[in-house]
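Biologist: I have not looked at this one before. Can you take me through it?
Modeller: Yes, here it is.

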Amino acid sequence: RAKEAGRNQLQFYEAAMHSRISERAMIEAELRHALARDELRLHYQPKLDLRTGAVVGMEALVRWQHPGMGMVSPARFIGVAEETGLIVEIGRWVLRSACFQNAAWQQAGLMPLRVAVNVSARQFRDPDLSREVQAALSDSGLDARYLELELTESLVMHNVEGAVAVVKGLKQMGIALSIDDFGTGYSSLAYLKLFPVDYLKIDQSFVREMLAEPKVAAIVRSVIALGQSLGFRVIAEGVETAPQLAYLRHHLCDEMQGYLFSKPLPPDDFGALLREERCLALPSDEVPGEQQ
Ligand code: C2E
Ligand code: MG
Ligand code: MG
Ligand code: MG
């Protein structure tokens, strides 16, 4: 019986492994055609000022609508795109689309906002990056100050000297820069001072746990204080509840992003949100649960 169970288990693992490999292979094969078949879209998630409640920016997040697989989340394909190098082409498309869309909103008379684009490790190491950023700006007519690039911590900490040079070059073009998922990579506080970035984004895992875990709350408060004393604005990601919002406001976090206000939206819906001038309902300043 044990032998049989063992055999079943083995078959199960083989099947699971096989299906995982074939899923990856399928994603890779299909991703090669995604751009040519016009299957990629950008959704936009608002970033809000925690003091005023106003929308002050947005993050462009890629979506892949595959005819057979349905909506494939970036978690399932960005890694594959990175490993295969397809990310360079996809990243260029994301950058250009975000700049053109933002310029179009401005031309339609909406309040000018910055659009943030995620940059992967491979793109960041690509010597053509700054030329492509420049081209996206001049072709779309978007002013550099309305573009922001989100870099992850591990990406900039990997080769600090090289990364500092790239970041400085991008800064000189007048675009904004942020460090995404802050606190999840191996951050070196000593290196942080070398990067002329504008924003630190507190990773959503901290926001999710902060009201239940006093130590996580302490980390969040420290990142806000540290970030601000180094001259960065601090953004909290993944804000889903009113108590999280109240806590972040109480501790003077600068901006937030999260389902509490809005999920990432297709461009038409995001445009409507801007036209309606929707903003964050700011409740009383009391801090529920955890104190100090
Ligand atoms: P990220 O840049 O940290 O983006 C934030 C993710 O959190 C997004 O997931 C967003 O939809 C999700 N999110 C926002 N608010 C909430 C919330 O309140 N609760 C929860 N649970 N989640 C929230 P998404 O769109 O699935 O993207 C996942 C990751 O994929 C991104 O993390 C980013 O690392 C990567 N990604 C997405 N688009 C691009 C892209 O165009 N280029 C590159 N290189 N990476 C991208
Ligand atoms: Mg991001
Ligand atoms: Mg993030
Ligand atoms: Mg993330």
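Biologist: Leaving aside neighbours within four places in sequence, what is Gln257 in contact with?
Modeller: This is a predicted model. In it, Gln257 contacts Gln45, Pro46, Lys47, Glu59, Lys201, Ile235, Ala236, Glu237, Gly238 and Val239, with neighbours within four places in sequence left aside.

Biologist: Where does Gln257 lie?
Modeller: Gln257 is in the loop between strand S9 (255-256) and helix H12 (267-275).

Biologist: Is Gln257 buried or exposed?
Modeller: Gln257 counts as buried, because its relative accessibility is 2% and the cut-off for buried is under 20%.

Biologist: And how far apart are Gln257 and Ala165?
Modeller: Their C-alpha atoms are 29 Å apart in space, and the two residues are 92 apart in sequence.

Biologist: Glu59 was in that contact list. Which protein donors does the magnesium ion (ligand 2) have?
Modeller: Glu59 (OE) is one of them, and the others are Asn118 (OD1), Glu150 (OE) and Asp180 (OD). They lie 2.0 to 2.2 Å from the ion. Along the chain, the donors of ligand 2 have the spacing E-x58-N-x31-E-x29-D.

Biologist: Why does the pair Glu150 and Asp180 tie together parts that are 30 residues apart in sequence?
Modeller: Because Glu150 lies in strand S5 (residues 147-152) and Asp180 lies in strand S6 (residues 176-182). Both residues are buried.

Biologist: What about the magnesium ion (ligand 3), what coordinates that?
Modeller: Asp180 (OD), Asp181 (OD) and Glu237 (OE), with Glu237 (OE) listed twice, at 2.1 to 2.3 Å. The spacing of the ligand 3 donors along the chain is D-D-x55-E.

Biologist: Which residue coordinates both magnesium ions, ligand 2 and ligand 3?
Modeller: Asp180 does, and the two ions are 4.1 Å apart.

Biologist: Where are Asp180 and Glu237 placed?
Modeller: Asp180 is in strand S6, while Glu237 is in the loop between strand S8 (233-236) and helix H11 (242-250), so this pair ties together parts that are 57 residues apart in sequence. Asp180 counts as buried at 6% relative accessibility. Glu237 is buried too, with a relative accessible area of 8%.

Biologist: Switching to Leu61, which residues does it touch, not counting those up to four places away in sequence?
Modeller: Leu61 touches Arg41, Leu42, His43, Gln45, Asn118 and Pro264 on that count. Asn118 is also among the donors of ligand 2. Leu61 itself sits in strand S2 (residues 55-66). Its C-alpha atom is 6.2 Å from that of Tyr44, which is 17 residues away along the chain.

Biologist: Now the helices. How do the axes of H2 and H3 cross?
Modeller: The axes of helix H2 (residues 74-84) and helix H3 (residues 86-107) cross at roughly 120° and come within 5 Å. That makes H2 oblique to H3.

Biologist: Which residues meet there?
Modeller: From H2, Ile78, Ala81, Glu82 and Thr84 meet Leu86, Ile87 and Ile90 of H3. By class, this contact has five nonpolar, one polar and one charged residues.

Biologist: How many helices and strands does the chain come to?
Modeller: Twelve helices and nine strands.

Biologist: And what share of the chain is buried?
Modeller: Buried residues are 46% of its 292 residues. The chain exposes about 14,700 Å², with 53% of that supplied by carbon and sulfur atoms. Of the contacts with a separation of 6 or more, 70% are between residues 24 or more positions apart.

Note on methods
Residues are numbered from 1 along each chain as its sequence is written. Chains are lettered from A and ligands numbered from 1 in the order in which they are written. This is a predicted model: local features need pLDDT of at least 70, side-chain atom pairs count only at pLDDT 80 or more; totals for chains, interfaces and linings use all residues. Side-chain values use heavy atoms; hydrogens and water are left out. Donors are N, O and S atoms within 2.8 Å of the metal (3.2 Å for Na, K and Ca); water is not among the atoms, so sites may look incomplete. Helices (H or I, at least four residues) and strands (E, at least two) are DSSP runs, numbered from the N terminus. Buried means under 20% relative accessible area, exposed over 50%, partly exposed in between (1.4 Å probe, protein chains only). Axes are lines fitted to C-alpha atoms, for helices over the stretch in contact, and angles run from 0 to 180 degrees between N-to-C directions. Angles under 35 degrees count as roughly parallel, over 145 as roughly antiparallel, 65 to 115 as roughly perpendicular and the rest as oblique. Contact means heavy atoms within 4.5 Å. Ala, Val, Leu, Ile, Met, Phe, Trp, Tyr, Cys and Pro count as nonpolar, Asp, Glu, Lys and Arg as charged, and the others, Gly among them, as polar. Accessible areas come from the Shrake-Rupley method with a 1.4 Å probe; for residues, only the protein chains shown count as cover.
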